[in-house]
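The exercises below ask you to read helix packing and burial from a structural model. Please try each task before reading its solution.

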Amino acid sequence: GGKDRIVAMCDKFYEKFFADSHVAQFVDDTTEPHGQRLGLWIAEKLTGQRSWSLLRSAAARTMSHEKSWSCPKRQEKDMGKRFGLADCRTWMRLFFWAAREEGLDRHEGFFSYLFAFIQSFVAVYERTAPPFAKESADWSLDLNNIESY
């Protein structure tokens with residue numbers, strides 16, 4: 001497992017992300033290594049071992065999110081707006097779905113830790129989102145949700 005599994009999970013997450021018409025509006029260039037970047041960032045945050053920060057500047061995450069908020073794919077009325085609750089809920093659903101597909105939920109301790117990390121960190125983007133983390137994680141347990149997606 002380790003860092004490579006987290007990066008693989010984030011690659012799966014971005015496949016779902018780019019296919020979702022709602023959240024895809026936040027990324028203009030789908031050829032960039034988004035999964036690798038997110039995976040390395042998460043691995044670094046969870047372990048304390050530098051991997052993401054060896055490749056990216058300290059301001060890279062903030063600059064990437066600012067770029068997302070002003071992505072040309074967004075409607076003009078939403079240009080420059082930060083992520084909202086619907087954005088964060090969709091993001092978390094896709095994220096936990098990808099984690100389950102990668103089998104990370106079979107490691108209960110790790111999945112609980114990952115869940116708590118995401119639940120805590122999503123508040124940085126939308127303060128009302130953390131209470132929806134459980135529903136978002138459980139969403140991918142229902143095969144009807146996956147099949148209708």
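Contact here means heavy atoms within 4.5 Å. The model is predicted, so that local features need pLDDT of at least 70 and side-chain atom pairs count only at pLDDT 80 or more, while totals for chains, interfaces and linings use all residues. Residues are numbered from 1 along each chain as its sequence is written, and side-chain values use heavy atoms, with hydrogens and water left out.

**Exercise 1.** Determine which residues Phe95 touches, leaving out residues up to four places away in sequence.

*Solution.* With that exclusion, Phe95 touches Met9, Cys10, Phe13, Ile42, Leu114 and Ile118. Next, consider the largest nonpolar core, a core being a set of buried Ala, Val, Leu, Ile, Met, Phe, Trp, Tyr and Cys residues joined through side-chain atoms within 4.5 Å, where buried means under 20% relative accessible area with a 1.4 Å probe and protein chains only. This core has 41 residues, and those that touch the most other members are Met9, Phe13, Ile42, Phe95 and Phe96. Two or more residues come from each of α1 (2-19), α2 (34-47), α4 (60-69), α5, α6 and α7 (133-139), and α5 gives the most, with eight residues.

**Exercise 2.** Describe how helix α5 (residues 85-101) and helix α6 (residues 108-121) are arranged.

*Solution.* Helices are DSSP runs (H or I, at least four residues) numbered from the N terminus, and axes are lines fitted to C-alpha atoms over the stretch in contact, with angles from 0 to 180 degrees between N-to-C directions. The two axes come within 12 Å and cross at roughly 165°. The helices α5 and α6 are therefore roughly antiparallel, a term for angles over 145 degrees. On the α5 side the contact is made by Trp91, Met92, Phe95, Phe96, Ala99 and Arg100, and on the α6 side by Phe111, Leu114, Phe115 and Ile118.

**Exercise 3.** Work out how α1 and α5 are oriented to each other.

*Solution.* Their axes come within 8 Å and cross at roughly 135°. The pair α1 and α5 is therefore oblique, meaning an angle from 35 up to 65 or from 115 up to 145 degrees. Residues Met9, Cys10, Lys12, Phe13, Lys16 and Phe17 of α1 meet Trp91, Leu94, Phe95, Trp97, Ala98, Ala99 and Glu101 of α5.

**Exercise 4.** Is Ser51 buried or exposed?

*Solution.* Ser51 lies in the loop between α2 and α3 (52-55). Because its relative accessibility is 9%, Ser51 counts as buried. Leaving out residues up to four places away in sequence, Ser51 touches Lys3, Leu40 and Glu44.

Definitions and conventions:
Buried < 20%, exposed > 50% of the residue type's maximum accessible area, 1.4 Å probe, protein only.
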